[in-house]
Each structure stands twice: as C-alpha cells, then as structure tokens.
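Work through the exercises below with the sequence and the structure open beside you, and try each task before reading its solution.

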Amino acid sequence: MTVSDAQADSQAGPDRVALDKGGALDKGAVPAADERIRVERAARAAEPNGSQLSRLLDSGAGRNLGLVAVLVLLGIVGVLSADTFLTTSNLLTILTQASIIGVITVGVTFVIIGGGIDLSVGKVMALSSVWATTVATQSYGPVVMIFCALAVGMGAGLVNGLLIAYGRIVPFIVTLAMLISAQGLAEQISGRRSQIVTDRVIAGIANTRFLGIPLLIYIFAVVVIVGWVVLNRTTFGRRTFAIGGNPEAARLAGLDVRRHTILLYVVSGLCCGVAAIMIASLTTTGSSTHGTLYELDAIAAVIIGGTLLSGGRGTLVGSILGVLVFTTITNLFILNNLATEVQNIAKGAIIVIAVLVQARARRTSAAS
Amino acid sequence: MPPLLTMRGIVKQFPGVRALDGVDLDVEAGEVHCLLGQNGAGKSTLIKVLAGAHRPDEGEVTWSGAPVVFATPQAADTAGIATIYQELDLVPGLSVAENVVLGHEPSRLGFTRPRDAEDVARALLRRLGHPEIPPRRELGRLSAAGQQVVSMARALARDARLIVMDEPSAVLDPEEVQNLFRVIRELTAEGVAVVYISHRLEEIREIGDRVTVLKDGRTVARNLPARETPTADVIRLMTGRSIEYAFPPRAAEPLGDEVLAVEGLGRTGEFAGVSFTVRAGEIIGLAGLVGSGRSEIIETVYGARKATAGSVRVRGKQLRAGSVPAAVRAGMGLCPEERKSQGLLMGEPVYRNVSLPALTRFARGGFLGRDSDLDAAGAVTAQLDVRPADATRPVRTLSGGNQQKVVLARWLLQGCRVLLLDEPTRGVDVGARSEIYALIRKLAADGVAIVLVSSEVPEVLGLADTVLVVREGRVVHTAPSAELDEGRVLDLVMESVSPMGTRDDGV
C-alpha cells in the first residue's frame with residue numbers, strides 16, 4: 001500500500017479503514033478504542049520503506065535535507081576552488097566563526113517559533129560584553145564577569161518581554177527600541193572605547209582547546225543541545241509552538257501566554273549573554289561595536305532553516321544549518337579572495353531561493 | 001429555455017483524495033437552489049469549481065446553454081457567477097463603496113472616481129433594502145450582517161446572474177436571517193439564481209425552491225422540491241442512514257452538590273448582575289441572540305475576560321478574576337465559539353491539541369518523553385470516535401464535527417468538573433451533532449456541571465435542565481426547560497428587539 005493509498009482510504013470513510021486495516025473486523029462492528037489505535041499503529045508500522053522515507057522527509061531532519069544539500073554543494077565548491085578548504089584547521093575556523101552567531105540564533109529561534117521577533121540581540125550582546133568588561137567588573141574576577149554578562153542579557157530580555165506581554169507593544173517595535181538604547185548604553189558605559197579584557201580566564205577561553213577542538217565550539221554545541229532538548233522534549237517547548245501557532249487558542253486552553261512570552265525573550269537575552277562572553281574572549285575586548293547586524297544574520301538563518309516568521313512552526317536544527325551555510329559562504333569568499341559585496345549578493349539570493357523552495361514544498365505537502 | 005447552469009459528472013482529484021466523484025447540478029434562473037451535504041461531502045470543492053478556483057479533472061459545465069470551462073476566478077466572474085464565501089473576502093480597512101467596486105473601480109485616465117463608486121454602492125445598497133449603510137463607512141466597522149450585504153452588493157455590481165452563498169446564515173441572528181431572505185427573494189424575482197448552502201434544514205424549507213444533496217463527493221439526489229421533501233428523507237440522503245434528530249433522554253440520577261456559583265457577575269458595557277449556580281450533573285442553558293451578551297458571560301466566568309463586578313466560585317473557592325489558568329486549575333474548561341481561531345492549533349497533530357492543558361501531567365520536571373502524551377490523548381479521541389482515528393494527523397484535516405470532538409477530548413483528558421460550551425454544534429453536520437449531544441449528556445451523567453450557550457433554541461431546550469434567557473446583557477428569565485417551549489423562548493429572547501423592516505425607515 002502506498003502512502004497516497006493509505007490516505008485515500010482513511011479519508012474515504014471510517015468503515016473502509018477498519019475493514020482494510022483490521023482485516024478481520026466486521027464492517028458493522030465498532031472496534032474498541034485501544035484496539036483501533038493498535039490497528040492504526042500496526043498499519044503504519046507495516047507500511048513499506050517508501051512511506052518511511054516520506055516520514056523521514058516530513059520529520060525535522062528531513063525538512064532540512066535541502067539545506068544539507070546546499071552545505072554539501074558549498075563543500076564541493078570549496079574543495080574545487082581552494083585546496084585549504086578541507087583542512088581540519090579551516091573547518092574548525094568555520095565552526096568557531098559560526099559559534100557566536102549560532103548561540104544567538106538559538107535564542108532567536110525560540111522567540112520566532114513563539115510568534116515574536118527579537119531585533120535587539122546583536123546590541124544586547126554588545127552591551128553585555130561592555131558591562132562585563134568594565135574595569136570595575138573585571139576587578140571581581142571571571143565568575144562575576146560571566147554572571148554580569150548573563151544578567152545583563154537576561155535583564156534586557158526581561159524588559160523586552162514585559163513591554164511586549166504587559167505593555168502590549170508589538171515585538172518589532174519593542175526590540176527595535178531595545179537595539180537602539182542598548183547601543184547607546186553600551187557607548188555610554190564604554191565611552192566609545194574598546195575595553196581590553198585583562199582577566200586571564202576570560203581571555204583564555206577562546207584559546208583553550210580540548211582534544212584539538214576550541215572551547216568556543218563546545219559551548220556552541222552545548223547551547224544547541226540544551227536548546228534542542230528544551231524545544232522538543234519539554235512542556236516549555238511544546239507550549240512555545242502552541243503560543244506561536246495560535247495565541248488565543250493557547251490562552252483559552254489555560255496556558256499563561258504572557259508569562260511564557262516574557263520567558264522567551266529572557267531565553268533570547270540569556271543566549272546574548274553567553275555570546276557576549278564568547279566574543280569578549282575571542283576579540284579580548286568588550287565593545288559597543290560588537291554584534292552589529294547580528295540580528296539580521298540570525299533572523300536570516302532562522303528563516304532559511306524553515307521556521308515560519310509568523311510562528312508556530314520551525315526547527316532548531318534548520319536554524320543551525322542556516323548559520324553554517326552563511327558561515328561557509330563567508331569562508332569560501334575569504335579563501336578565494338573575493339569581495340564581500342559579491343558575498344552579500346549571494347547571501348541575499350540564498351535567502352530568497354530557500355524561502356521559495358520551502359513554500360513550494362509546503363504547498364505540496366498541504367495538498368496531500 | 002435551457003437551464004442557467006448544468007454540471008454533469010464533475011470529478012476533482014486531489015493528491016490522496018477524490019473530493020468530487022461525479023457531481024451533477026442544475027440551476028434555473030430565478031430559483032433558490034439549495035446544496036445540502038455533511039461536512040466533507042464536497043460542497044466547498046464544488047463551489048470552488050464553480051467559481052473558477054479549482055479546475056475539474058472530468059465533467060462538463062454548461063452555462064446558458066453553451067459548454068464552458070472556468071479556468072480562473074476572473075473567467076467565472078466575467079460570466080456572471082459571484083461567490084459569497086463563509087469567510088467574507090472583503091477588505092476591512094477600505095470603505096463600503098471601495099469594497100463594492102474593488103477590482104473594477106470607476107476611473108478616468110487612471111484616476112479613481114470615488115464619487116461614482118459611492119453612487120454605485122448607494123444604488124445597490126438601496127436595491128438590497130439597506131440604504132442605511134453609509135458608502136463611506138469603513139467596512140470593518142460594520143456588523144457581520146452588514147458586511148454580508150456589502151458582499152452581495154459587490155456581486156450585483158458585477159452583474160452576477162448566479163450568486164453562490166456558503167452558509168450565509170451562520171453569522172446572523174434570526175432577524176438578520178429574515179432580512180437576508182427578503183433580499184434573496186428580491187434578487188430571484190429579478191431573475192438572479194442563488195445557490196444556497198446551509199446546515200439548517202428549516203431555512204431551506206423557508207427560502208429554497210429545489211434541493212440537491214451531496215454525499216462523499218457524489219450527487220445522491222437532484223432537484224428535490226425544497227418544501228415538500230420530508231426532513232427524514234433529506235437526513236437519510238445526507239447521512240446514508242436514517243437518524244432521529246433527537247436528544248438523548250436525561251439521566252435518572254439525582255443532581256449532586258453545587259459546583260459552580262456565579263454571583264452578580266458583570267462587565268462594564270457588556271452585561272451586569274448575572275447570577276446562577278450549577279450542580280454536578282446539571283446542564284444550564286443560556287439562550288439569547290448574537291450580541292445579547294451570552295458569549296461574553298461565559299468567557300467572563302472562564303476568566304478570558306476580566307469581570308468588573310461579582311464573583312465566580314468553583315466548589316466554594318473563589319476564582320481570581322480575569323485568570324484563565326486559575327479557572328483551569330479549579331477544573332473548568334471552555335469549548336469556545338470560534339473553533340478554528342479560538343480553540344485549535346490547526347497545524348498541530350490531534351493529540352497535541354488534546355493534551356495542551358494537561359501537559360504537565362505527562363512531564364517529569366518539565367521534561368516530556370518522546371510523544372509521551374500520545375497514548376493518553378489517543379485513547380480519549382478514540383473513545384469519542386474522532387475520525388480518522390490516527391491522532392497524529394494535523395487537526396486541520398478533520399471535519400468540523402471531529403474538530404469539535406477534539407476540543408471536547410481536551411477537557412475530558414484534563415478531567416474537568418465544569419464545562420462551558422459555546423455553540424458546540426456550530427458548523428457541525430447532522431450526524432456528528434447527535435453524537436455531540438449524546439456526549440454532553442453522558443458528561444453530565446458522569447457528574448460534570450455544564451453551561452451551554454447556543455443560538456439554536458431547540459438545542460438549549462433539548463439539553464438543558466434549566467434555561468436562562470439573556471437579552472441585552474441581562475438574564476431576563478430563568479425557568480426549568482420543561483416549563484418552556486420554543487415559541488416562548490423566542491418571545492423572551494426578542495421581546496424588545498424592533499420588528500422587522502423598521503430599519504428601512506431611516507434615511
């Protein structure tokens with residue numbers, strides 16, 4: 001039985017479903033509740049490989065197959081155009097460069113699936129890096145610096161969330177205002193100067209390697225794994241999809257939509273705080289110029305990763321693949337000494353193509 | 001003279017489903033032709049074929065005696081077919097006149113002529129018997145009934161000879177339905193044909209000339225006389241079995257303790273002084289017109305709107321005003337009026353819709369196993385006979401009746417003590433309706449306290465033990481349902497509403 005046959009049957013009428021799949025079931029008899037579930041399960045399990053392939057395609061990883069293909073394609077282009085592309089050090093460079101924007105993208109993915117948008121991430125990260133690297137903060141040592149960066153990020157997220165949930169201002173405006181004022185505050189605190197990280201522990205993070213892999217990549221991986229688990233295996237994640245998909249239905253089902261919305265922006269701010277430590281270590285500075293346009297890179301990665309900008313649907317894996325695609329393109333352009341102007345044109349084209357392909361795929365699956 | 005429209009053997013295939021499998025339809029000029037069928041019978045697909053939105057895979061369409069193919073909506077529009085969909089396709093931010101002429105704005109040298117548009121709109125609204133609608137008013141500020149009239153004016157502006165109306169009465173109160181019928185009669189008197197789709201058989205008796213019945217994508221009966229065909233025959237044709245449109249008997253068990261107590265509840269500008277109590281196993285019915293405040297009352301009891309006066313107690317414990325989570329924790333559940341926009345996550349699987357409020361029960365420290373709620377949610381939907389039985393299907397692929405069962409399943413799984421039902425059978429076909437009635441009764445027999453809101457008086461009388469009549473934000477009458485009949489309730493519901501036709505006296 002092919003997939004479309006199975007679907008045609010289940011839509012043709014309940015009697016036929018019972019007859020076909022139960023085999024021995026009498027047409028008139030109504031099977032017991034658990035019996036019916038069991039039969040449906042058995043029928044699904046019995047479907048041949050063709051349908052398993054289609055289910056794989058429909059699963060989170062499968063929907064991102066297109067992005068994986070793009071990455072492979074970029075890899076091939078890389079191998080052919082630059083002999084240094086497929087070296088361990090170059091691949092680690094790509095991952096290191098992806099790590100900071102990647103951590104931010106995890107937070108942005110949560111916000112967008114939850115039906116919001118966060119434009120403030122780049123400058124909240126800058127503010128966190130500045131606040132954590134003032135002379136005063138540095139004098140308390142690395143633990144306080146880390147705590148400070150996380151607290152500033154979460155605090156900014158909390159302000160965003162409160163204004164959106166209780167002030168009832170649209171997220172676009174709230175986070176745009178946060179972007180501007182976080183930039184201003186970062187400039188004021190730092191006096192528009194780059195603050196040198198003198199603390200050895202913080203400065204050393206970017207230089208530390210375990211098993212030959214930079215610590216920044218481990219941090220990136222941990223954030224992604226924690227994010228994936230929270231999004232896909234917790235009540236918080238399930239509710240994020242519900243609130244992004246239909247906030248009114250979620251509210252009437254008894255969910256505390258406002259509190260959840262606030263938490264989503266706090267999560268995004270927390271990711272900014274983590275990213276602030278990473279960028280302070282990598283550049284050994286805290287600066288108000290960090291993170292410029294990171295919000296657009298993160299949103300672009302989320303979009304080409306297949307997450308609906310209107311909320312309710314999306315995958316974290318897709319967002320991360322999106323980040324890797326953009327970082328790899330940048331890497332290819334640098335290896336081949338090409339101008340960044342062309343690079344940006346290519347990025348723009350990829351965003352449009354990715355969205356076109358996804359829209360087509362969605363139409364096909366919606367029609368069946 | 002040939003019929004205005006004939007359709008023969010129309011087939012429309014979608015991937016995985018044959019939506020239309022040989023449909024015939026004849027429409028004469030000047031008649032009201034009713035299209036009947038359960039949800040999923042193919043009515044919507046058929047009218048989309050007629051409107052040029054879908055191209056049929058097989059079959060012939062003849063329009064005024066000549067074979068035609070409507071390849072695009074514009075082609076159908078040019079031929080003179082206008083469709084008024086359930087979700088009105090008007091632009092809320094434009095004026096009434098701009099909506100009437102949308103796409104065909106009177107213009108000179110590319111500049112629109114708003115005066116001409118207003119004149120066109122004014123003339124058409126007068127012809128439709130609604131001269132009180134100002135052409136310059138922003139459309140979004142009109143009532144649902146007013147918007148529907150504008151939608152009809154738009155059809156007439158295009159010189160439509162056939163107007164398809166998809167459940168036009170669903171958003172109207174009884175008086176507005178009568179207005180709609182008057183407009184339809186005037187249109188047909190001028191030779192315009194109307195294809196009328198409705199779930200309400202009594203409306204079809206009143207307005208219809210002939211009836212075509214669809215079932216499972218096929219025409220099962222063609223051109224039946226609308227007034228003379230017995231209801232039982234129509235239901236048998238639609239469902240393929242004969243069912244009594246009847247309410248299950250009340251359970252014999254005595255009522256339990258008082259569960260819900262509403263006292264002096266009010267919301268400024270909406271309703272005031274509402275008090276009632278519901279005991280375990282009791283069904284309280286709120287009868288009233290659209291806009292009487294009945295939905296506002298139960299949404300306020302639920303905390304979805306914040307009360308400005310009064311209190312709500314569940315088993316003696318007062319609930320915090322304006323907090324849905326507090327109400328749900330106390331054991332309340334609401335099946336909202338608008339199933340799609342207020343009740344369901346349409347893209348999510350059935351089981352995730354069912355388990356949403358009860359999610360913490362399936363989690364350990366916030367962590368859910370892989371679909372650990374699937375079995376429990378699936379068991380409840382199977383118990384309610386939700387079809388198709390696969391609980392991993394997206395809710396959007398289910399029919400209206402089955403979607404309603406999914407909302408009910410949610411509160412069944414949650415194990416609620418007080419169930420608030422707002423229009424539980426709206427958009428639900430006749431067969432699923434009886435199942436939902438039986439389910440409501442069974443829940444009451446199991447000791448759930450139920451508050452039911454419905455526009456359909458027989459539904460309230462048939463299910464409720466006690467009926468509260470709501471009019472203009474106040475409870476005007478309370479009585480056991482056994483002491484009331486339909487006529488009496490309708491009198492109470494409409495008492496001070498101005499009689500039909502007086503609206504036309506203005507302007």
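**Exercise 1.** Find which residue of β14(B) stands opposite Ala261(B), and place the pair in its sheet.

*Solution.* Ala261(B) stands opposite Thr277(B) in β14(B). Strand β13 (residues 258–267) of chain B is joined to β14(B) by six bridges, and the two run antiparallel; strands here are DSSP runs of E of at least two residues, helices are runs of H or I of at least four, and both are numbered from the N terminus. Two strands count as paired if DSSP finds at least two bridges between them. Widening the view, the open sheet has four strands in the order β14-β13-β16-β17 (chain B), with antiparallel pairing. Its edge strands are β14 (271–279) and β17 (317–318) of chain B, each of which pairs on one side only.

The model is predicted, so local features need pLDDT of at least 70 and side-chain atom pairs count only at pLDDT 80 or more, whereas totals for chains, interfaces and linings use all residues. Residues are numbered from 1 along each chain as its sequence is written, while chains are lettered from A and ligands numbered from 1 in the order in which they are written.

**Exercise 2.** Determine the strand order of the open six-stranded sheet of chain B, and explain why one side of β6 and of β12 is left without a neighbour.

*Solution.* The order is β6-β9-β10-β3-β11-β12 (chain B), and the pairing is mixed. Because β6 (81–84) and β12 (218–225) of chain B stand at the edges with a single partner strand each, one side of each has no neighbour in the sheet. Within this sheet, β3 (residues 32–36) and β11 (residues 210–215) of chain B run parallel and are joined by four bridges. The bridge partner of Leu36(B) in β11(B) is Val213(B).

**Exercise 3.** Describe how α13 and α14 of chain B cross, and which residues meet.

*Solution.* Start with the axes, which are lines fitted to C-alpha atoms, for helices over the stretch in contact, with angles from 0 to 180 degrees between N-to-C directions. Those of α13 (residues 374–383) and α14 (residues 400–414) of chain B come within 9 Å and cross at roughly 120 degrees. That makes α13(B) oblique to α14(B), since angles under 35 degrees count as roughly parallel, over 145 as roughly antiparallel, 65 to 115 as roughly perpendicular and the rest as oblique. Next come the contacts, defined by C-beta atoms, placed from the backbone, that lie within 7 Å: Ala376(B), Ala377(B), Val380(B) and Thr381(B) in α13(B) meet Val406(B), Ala409(B), Leu412(B) and Leu413(B) in α14(B).

Key. Two residues are in contact if their C-beta atoms, placed from the backbone, lie within 7 Å.
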